[in-house]
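Visitor: Hi, do you have a few minutes to walk me through a model? I'd like to start in the middle and work outwards.
Guide: Happy to, here it is.

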Number of protein chains: 2
Amino acid sequence: MQIHQHAQPLREQVAEWKAQGDCIAFVPTMGNLHDGHLSLVEAARREQTDSNVRTIVSIFVNPMQFGENEDFDTYPRTLEDDTRKLQQLGVDMLYIPNIGDIYPDGVDAATRVVPPAALGDILEGESRPGFFTGVATVVNKLFNIVRPDIACFGEKDFQQLLVIRRMVADLAMPVAIISAPIAREADGLAMSSRNRYLSDAERADAGKFNLCLQHLVSEVQQGADSQYAVMHASQELENHGFVVDYVVIRRQQDLAVPEPGDTKLVALAAVWLGKTRLIDNMCFEINK
Amino acid sequence: MQIHQHAQPLREQVAEWKAQGDCIAFVPTMGNLHDGHLSLVEAARREQTDSNVRTIVSIFVNPMQFGENEDFDTYPRTLEDDTRKLQQLGVDMLYIPNIGDIYPDGVDAATRVVPPAALGDILEGESRPGFFTGVATVVNKLFNIVRPDIACFGEKDFQQLLVIRRMVADLAMPVAIISAPIAREADGLAMSSRNRYLSDAERADAGKFNLCLQHLVSEVQQGADSQYAVMHASQELENHGFVVDYVVIRRQQDLAVPEPGDTKLVALAAVWLGKTRLIDNMCFEINK
């Protein structure tokens with residue numbers, strides 16, 4: 001596995017692979033890799049069968065997407081473990097950009113990529129102002145450096161996936177975006193680097209987050225009024241010790257409030273368990 | 001000359017040219033082409049001598065960069081004349097994107113590229129809020145469609161040139177930005193599509209705009225205090241019937257207010273002559 005910290009040698013290698021007709025598959029991450037991340041590499045590989053797939057993973061804890069009071073400093077950094085996992089998986093290249101390459105004049109002086117407000121300023125974007133601008137900006141830049149044919153994102157960050165798809169469409173970036181399902185622990189907890197912030201007692205309870213989402217989806221599928229079902233789910237979450245940031249039912253395609261006739265929906269939620277913020281979502285369909 | 005309105009066939013042609021080893025040179029315009037625009041094509045051609053240069057010009061009057069009370073509707077559209085001029089010049093491809101390709105869901109719902117405030121919200125950006133976001137967004141998108149090796153911009157829009165250079169550096173876009181000097185009429189007036197808004201009487205006076213800028217530069221080069229020289233230039237402009245929007249001396253590299261020791265400067269000004277807004281600038285050096 002090649003490891004690059006600078007854009008230029010990476011670009012030369014990618015150009016060489018492309019000249020051979022290889023397909024470049026890219027998985028941008030913030031590191032601290034778990035099975036969810038690794039499944040993205042495998043999903044990217046499965047996507048193209050005609051040509052040889054070269055997989056590139058980036059690890060970059062992006063300061064622009066962290067708020068002032070968020071966990072940028074404490075975000076888990078486990079580069080040695082990550083490198084070993086990617087090597088075992090047969091990844092072709094690991095890109096670990098240094099901060100100076102990504103933000104040469106600092107974060108505040110950088111040109112930003114700003115998602116449309118209707119998608120970027122709701123839910124996660126409302127709870128974490130500037131978050132999706134940080135995500136879109138760094139992914140745009142990484143795409144311009146790596147120039148992948150396909151890039152793979154996890155469905156756990158469902159809103160992020162839509163923001164990226166939107167950016168790629170709006171800015172005509174020639175990258176195919178594919179997604180992979182949420183990887184879950186045995187008790188249903190969505191895998192996340194932030195799960196390691198949980199105490200043992202909190203971890204024992206954390207699986208109930210997804211269970212409450214499952215109940216919510218079932219209720220709506222069985223015809224319950226969605227406003228009632230959401231209120232019910234919030235109560236159930238609070239009863240289990242979660243502090244609810246939001247629980248909503250939205251349209252899958254654009255996260256707008258569903259209108260009569262919309263059948264492809266998604267339940268999304270963010271909760272606090274002690275000092276740890278968790279997000280989860282479940283896509284589902286209803287008959288109408 | 002090929003003419004394309006859609007991205008996909010354009011992309012295929014560009015890929016073919018690139019596979020042959022040709023250099024792709026791109027000149028984005030809003031049409032109503034004058035000698036200034038045509039000099040950009042020639043500058044782009046001169047830049048690369050090793051490989052065959054393919055020149056692509058786009059014509060797109062970009063709604064996102066016009067303010068609510070600006071001249072989007074009346075901006076001169078002279079597609080037949082433009083096409084003929086580009087053909088005569090031997091341009092390889094003219095790209096006339098339709099609005100639906102550039103803003104599929106409308107201007108307001110689009111992902112935007114926002115320059116840093118210190119560069120994008122001053123001078124032209126202060127007088128025309130959102131202008132440089134509109135410019136950066138459409139140029140970013142056009143670059144992603146055309147994927148040029150080099151792109152050429154006029155120095156008349158000096159701040160725009162810096163915004164584009166900044167975007168390309170910040171977002172790691174693999175495009176070399178080159179610039180061409182301001183093309184001027186015999187009396188010094190910078191060529192601009194908006195000059196045709198001038199009445200005959202206004203046109204007869206308009207050359208004095210550049211003359212006042214020349215005086216300003218001379219005064220500063222001869223050691224005058226720049227604050228005094230700028231005030232003097234403003235008065236001279238008002239005496240000639242211009243309404244001054246701004247007249248400033250800034251650093252060439254980033255348009256910051258010059259500090260002691262800065263030697264590469266630029267005088268920039270925007271004025272109204274009747275209902276027409278004109279801009280001009282002159283780069284110069286001082287010994288310090």
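Guide: Let's begin with strand 3 of chain B, keeping in mind that this is a predicted model. Val53(B), Thr55(B), Val57(B) and Ile59(B) point one way from strand 3 of chain B, while Arg54(B), Ile56(B) and Ser58(B) point the other way.

Visitor: And are those residues of strand 3 of chain B buried or exposed?
Guide: On both faces, all are buried. Because 7 of the 7 residues of strand 3 of chain B are buried, the strand is largely enclosed by the rest of the structure.

Visitor: Which strands does strand 3 of chain B pair with?
Guide: With strand 2 of chain B, it pairs in the parallel sense over 7 bridges. With strand 4 of chain B, the pairing is also parallel and runs over 3 bridges.

Visitor: Can you give me a residue or two to click on?
Guide: Sure. Arg54(B) in strand 3 of chain B has Ile24(B) standing opposite. For Ser58(B), the bridge partner is Tyr95(B) in strand 4 of chain B.

Visitor: Zooming out, what's the strand order in the sheet?
Guide: Chain B has an open sheet of 6 strands in the order 1-4-3-2-6-7, with parallel pairing. Its edge strands are strand 1 (2–4) and strand 7 (176–180) of chain B, each pairing on one side only. On average, neighbouring strands of this sheet are turned by 25° against each other, direction ignored.

Visitor: How many bridges hold strand 7 to strand 6 in chain B?
Guide: There are 5 bridges between strand 6 (residues 150–154) and strand 7 of chain B, and the two run parallel. Look for Ala151(B), which stands opposite Ile177(B) in strand 7 of chain B.

Visitor: Which strands does helix 7 of chain B lie across?
Guide: Helix 7 (residues 131–146) of chain B lies across strand 2 (23–29), strand 3 (53–59), strand 4 (93–95) and strand 6 of chain B. Relative to strand 2 of chain B, the helix runs at about 150°.

Visitor: Switching topic: how do the two chains meet?
Guide: In chain A, 23 residues are in contact with 23 residues of chain B. On the chain A side, strand 5 (112–114), helix 7 (131–146) and helix 8 each supply at least two residues. Helix 7 of chain A gives the most, with 5 residues. By class, the chain A side has 16 nonpolar, 3 polar and 4 charged residues.

Visitor: What does strand 5 of chain A do there?
Guide: Strand 5 of chain A is joined by 3 bridges to strand 5 of chain B, and these run antiparallel. One pair to find is Val114(A) with its bridge partner Arg112(B).

Visitor: What turn lays chain A on chain B?
Guide: A turn of 180° with a shift of 0.0 Å along the axis does it, at an RMSD of 0.0 Å. That is the relation of a two-fold axis. In chain A, the C-alpha nearest the axis belongs to Val113(A), 2.3 Å from it. Also, 96% of the interface residues of chain A are interface residues in chain B too, so the copies meet through the same surface.

Visitor: Last one: what about domains in chain A?
Guide: The domain assignment gives domain 1 (2–180) and domain 2 (193–282) of chain A. Their centres, taken over C-alpha atoms, are separated by 26 Å. In domain 1 of chain A, 12 residues are in contact with 11 residues of domain 2 of chain A. Helix 8 (158–170) of chain A is one of the elements giving two or more residues to that side of domain 1, and its 3 residues are the largest share.

Terms used:
Residues numbered from 1 in each chain as written. Chains lettered and ligands numbered in written order. Predicted model: local features only at pLDDT ≥ 70, side-chain atom pairs only at ≥ 80, totals over all residues. Pairing = 2+ DSSP bridges. Helix = DSSP H or I, 4+ residues; strand = E, 2+ residues; numbered from the N terminus. Axes fitted to C-alpha atoms, helices over the stretch in contact; angles between N-to-C directions. Contact = placed C-beta atoms within 7 Å. Domains from an automatic or database assignment. Nonpolar A, V, L, I, M, F, W, Y, C, P; charged D, E, K, R; others polar. Least-squares fit on C-alpha atoms with pLDDT ≥ 70 in both. Buried ≥ 20, exposed ≤ 12 C-beta atoms within 10 Å, placed from the backbone.
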